[in-house]
Amino acid sequence: MPNSRLRPRRSAGSGGGAAGRDELVSRSLQSAEHCLGAQDFGTAYAHYLLVLSLAPELKDDVKETFQYTLFKWAEELDALGRIPDLLGCYEQALELFPDDEVICNSMGEHLFRMGFRDEAAGYFHKAVKLNPDFNDAKENFYRVANWLVERWHFIMLNDIRRNRIYNAAIQKAVRSGYKSVLDIGTGTGILSIFAKKAGAHSVYACELSKTMYELACDVVAANKMEAGIKLLHMKSLDIEIPKHIPERVSLVVTETVDAGLFGEGIVESLIHAWDSLLLQPKMQGDDGSCEKYGKVIPASAVIFGVVVECAEIRRHHRVGIKDIAGIHLPTSVKFQSPAYCPLDSEEALEPYTTEKMSRVPGGYLALTEHFEIMTVDFNNLQELKSLATKKPEKIGIPVSKEGTLDAVVVWFVLQLDDEHSLSTSPSEETCWEQAVYPVQDLADYRIKPGDHVTMEVSCQDCYLRIQSIQVLGLEHEMDVVKSFTKNEESPSLGNEAELCSALANLQTSKPDSVEQTCVLESTEIALLNNIPYHEGFKTAMRKVLSALTPEKLLQAVGIRCQSEEVKSGSGQNENSLQSARDPYYVLDVSEGFSILPIIAGSLGQVKPYSSVEKDQHRIALDLISEANHFPKETLEFWLRHVEDESAMLQRPKSDKLWSIIILDVIEPSGLIQQEIMEKAAISRCLLQSGGKIFPQYVVMLGLLVESQILVEESAVQGTECTLGVNIAPFINQFQVPIRVFLDLSSLPCIPLSEPVELLRLDLMTPYLNTSSREVKVHICKSGQVTAIPFWYHVYLDEEIRLDTSSEASHWKQAAVVLDNPIQVEMGEELVLSVQHHKSNVSIMVKQ
């Protein structure tokens, strides 16, 4: 605790009132110090407020102790759920210390934990502005910036073709008479600016995100259009006439579409717009000015799909092995990814995942021709309303190539008007990714020409849903499935009676009522499929346990000899031998679902502890244990034994220490886990003699590359790509220096150096770690260095190494993207400055 033994300063000419004030300040300081000693932080905080209100000249003297008191009191209030009091304390503190970056950062952390990301980002951003070298605040801001301004904003704004086509369609509409415009989900405001530049006399733009709304305000002002564009911080569904806009508009422009077209709520928002905000549509044959009618850009969309084989999608969405390092996975446990969950499941999120299919590692193979899934007319209110209530439509697609059925990949063509369109196809160079619907629950995933893939398509919950994906083989009657053709009629499987006979022969396994469904994140499924990871841990754990065993046996022999010397009874001797046979305690605090405790339990007399949190995961682990003939009580779930996660690293019993502690050092995103070195320090204190932390150390590797893709995905490049609209300085405030979730194997880049060791983090022998080092990198190819991708070699011991960049890895990679490219020539050397602070690593080029 900082020193709080202070006395108030006396000013010249102090009278009796000043003396009384000084006495009160002195007593309050003493009381505050006494309360801190007694850990009565609330009372201490109140005393410091009194001191600072009476004697503001003491601010510098008590600042450090006041911060300590505030943070400890805030922890107590948080634990008690007294959130208004907690926020009130921080507001009082910031009135006293408005430019204190530490208090700003701490306030942001509390707000972020409560889910107030916008507000948290404001405090993190302020803390960084106050002290650009404050690493904790920088790391917090970088992490929250990814939530607030998603990376696709940068990619989209750098997509000059997309911007030109939207601009052309808006210009055409405005010049033909659609002069009053509402921009729904304006983002940075670029479409509103296009409309104003085209000659619209009134432009309204709404944006729900506080961060994006404020950014749009800055962009509109910087482009000198604040008088012509009215920005509304609200959902379009809440806009009322004349409360928010004076009258119905003639044109709605929007790009509230995601990879699956409907996922950002475009159907719901356009239904409301046609009902409440737009003029009536112009019907065929209507005469008169367009100002009397309503219109939407985009006008319509056509959704397409293709059935694919893709090993990368498969290993992230389907557990493809029956045995993991000797542990059998029973059929009673069924693993699913969230993208496959039914509507009523608690785990149900978007019914698809997204991929940039042109860059998916290992590529993909189309097993069918591409086919039309559905069309939607955004200028037809009745059609929009019928989408959400329409029954699922059944379609069947002939297979054209033999392969493994892994997913249905979906994209769309956005028809802005009768002249301008945008495609999100994998074959197009576009800012959009594609929607991926993984296939699960088939008895056999192999398909061949002559087979038909059938599916049900709907737009429930404002999401495009593709469900009940099944296969009909050659031997079935082909009149059951109308093969897909590109005629005007929608493909159909015929009536329900015809379907019944076909369903009896489908290549699907019927769900067993005793099955336990276990929903895992895609990275958790990829981890289960990572054979080298589990085999490596099994071997490393066996080596540690084997090394510990002789020590126990020697202890037993020593005790027995000592017992015989004093001629003790046989009962005591048996107790000593039983003590020698006490189990080894293994604790796995990996993030998410892990079967490492069960693998540990298979290695002999081991008492493994798992830290999984979800009930369905615990049930699954119990079933796996039973299937592998472990007594149910062998596996313990550690969170049942501790009150909260902060107490995770404790002793299993008061007199026992851990033989092995497994820590998660690397996040699936490619970053080092937060507070990992602090966890390692606690872990070292709780290991028995000869016990180990896994991994024992980690080596960070990196190389220099030239990659225009990484540059464009990290920041808006000037004004050329945004057609002269000044956006870059405002949105680039939210750029982060590190890109995560990268696949180096498929990243478009030119390596300019060989890989080099950047950093070593030793969890067992911390004195080997350094907080900063300089690394010389030899340039092997001339070019422009734009980024430094990095990955890790995770050493379980000196011989067993896991590579986070391998094909089997469930980890992704990350990269530092330079603010300014550096021109290099072959044969030169570049010096990198690598800083390690807590769990945060920064890499800079020294010039």
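Helices here are DSSP runs of H or I, at least four residues long, numbered from the N terminus. With that in hand, start at helix 17, which covers residues 531–565. Phe537 sits in it. One caution before going on: this is a predicted model.

So, Phe537. Is it buried or exposed? Its relative accessible area is 3%. Buried means under 20%, so Phe537 is buried. Now its contacts. Set aside the neighbours within four places in sequence, and Phe537 touches Leu596, Ile662, Phe694, Leu796 and Leu802. Look also at Ala600. It is 63 residues from Phe537 in sequence. In space, C-alpha to C-alpha, the two are 8.7 Å apart.

Let me step back to the whole chain. The protein has 847 residues, and 52% of them count as buried. The secondary structure comes to 23 helices and 37 strands. Take the contacts with a separation of 6 or more. Residues 24 or more positions apart account for 75% of those.

Next, the cores. As a general point, nonpolar side chains in soluble globular proteins tend to be buried together. How many residues does the largest nonpolar core have here? The count is 147. The residues with the most contacts inside that core are Phe66, Leu261, Phe262, Phe378, Leu414 and Met455. Pick Leu414. Beyond its neighbours within four places in sequence, Leu414 meets Tyr166, Val257, Leu261, Pro298, Ser300, Ala301, Phe378, His420, Ser421 and Leu422. There is also a second, separate core, with 88 residues. Cys518, Ile598, Ala600 and Phe790 are among its members.

Pro298, from that Leu414 list, brings me to the backbone. Ile297 and Pro298 are joined by a cis peptide bond, with omega about 15 degrees. Pro298 lies in the loop between strand 5 and strand 6. Another cis bond runs from Ile241 to Pro242, and there omega is near 0 degrees. Pro242 is in the loop between strand 3 and strand 4.

Two phi values are worth a look. Gln39 is not a glycine, yet its phi is positive, near 60 degrees. Where is Gln39? In the loop between helix 1 and helix 2. Gln39 counts as exposed, at 57% relative accessibility. Phe741 also has a positive phi, about 55 degrees, and is not a glycine either. Phe741 is in strand 29, residues 738–742.

Now helix packing. Helix 2 is residues 41–54, and helix 4 is residues 83–96. Their axes are 12 Å apart, at an angle of about 30 degrees. Angles under 35 degrees count as roughly parallel, so helix 2 is roughly parallel to helix 4. The crossing is left-handed. Which residues make the contact? Helix 2 supplies Tyr45, Leu49 and Leu52. Helix 4 supplies Cys89, Gln92, Ala93 and Leu96. By class, that contact has six nonpolar residues, one polar and no charged ones.

Helix 12 is next, residues 266–277. The helix is mostly covered, with nine of its twelve residues buried. Those are Ile266, Val267, Ser269, Leu270, Ile271, His272, Ala273, Trp274 and Leu277. What covers them? The cover includes strand 1, strand 4, strand 5 and helix 14.

Two strand residues to finish. First up is Gln516, in strand 21, residues 516–519. Its relative accessible area is 15%, so Gln516 is buried. Leaving out neighbours within four places in sequence, Gln516 contacts Ser332, Val333, Lys334, Gln616, Ile619, Ala620 and Leu623.

Then Glu355, in strand 10, residues 353–355. Glu355 has a relative accessible area of 25%, so it is partly exposed. Outside its neighbours within four places in sequence, the contacts of Glu355 are Val360, Glu433, Gln434 and Val436. Val409 is 54 residues from Glu355 in sequence. The C-alpha to C-alpha distance between Glu355 and Val409 is 9.0 Å.

How values were computed. Residues are numbered from 1 along each chain as its sequence is written. This is a predicted model: local features need pLDDT of at least 70, side-chain atom pairs count only at pLDDT 80 or more; totals for chains, interfaces and linings use all residues. Side-chain values use heavy atoms; hydrogens and water are left out. A nonpolar core is a set of buried Ala, Val, Leu, Ile, Met, Phe, Trp, Tyr and Cys residues joined through side-chain atoms within 4.5 Å. Buried means under 20% relative accessible area, exposed over 50%, partly exposed in between (1.4 Å probe, protein chains only). Contact means heavy atoms within 4.5 Å. Axes are lines fitted to C-alpha atoms, for helices over the stretch in contact, and angles run from 0 to 180 degrees between N-to-C directions. Angles under 35 degrees count as roughly parallel, over 145 as roughly antiparallel, 65 to 115 as roughly perpendicular and the rest as oblique. A crossing is left-handed if the near helix is turned anticlockwise from the far one by less than a right angle, and right-handed if clockwise. Ala, Val, Leu, Ile, Met, Phe, Trp, Tyr, Cys and Pro count as nonpolar, Asp, Glu, Lys and Arg as charged, and the others, Gly among them, as polar.
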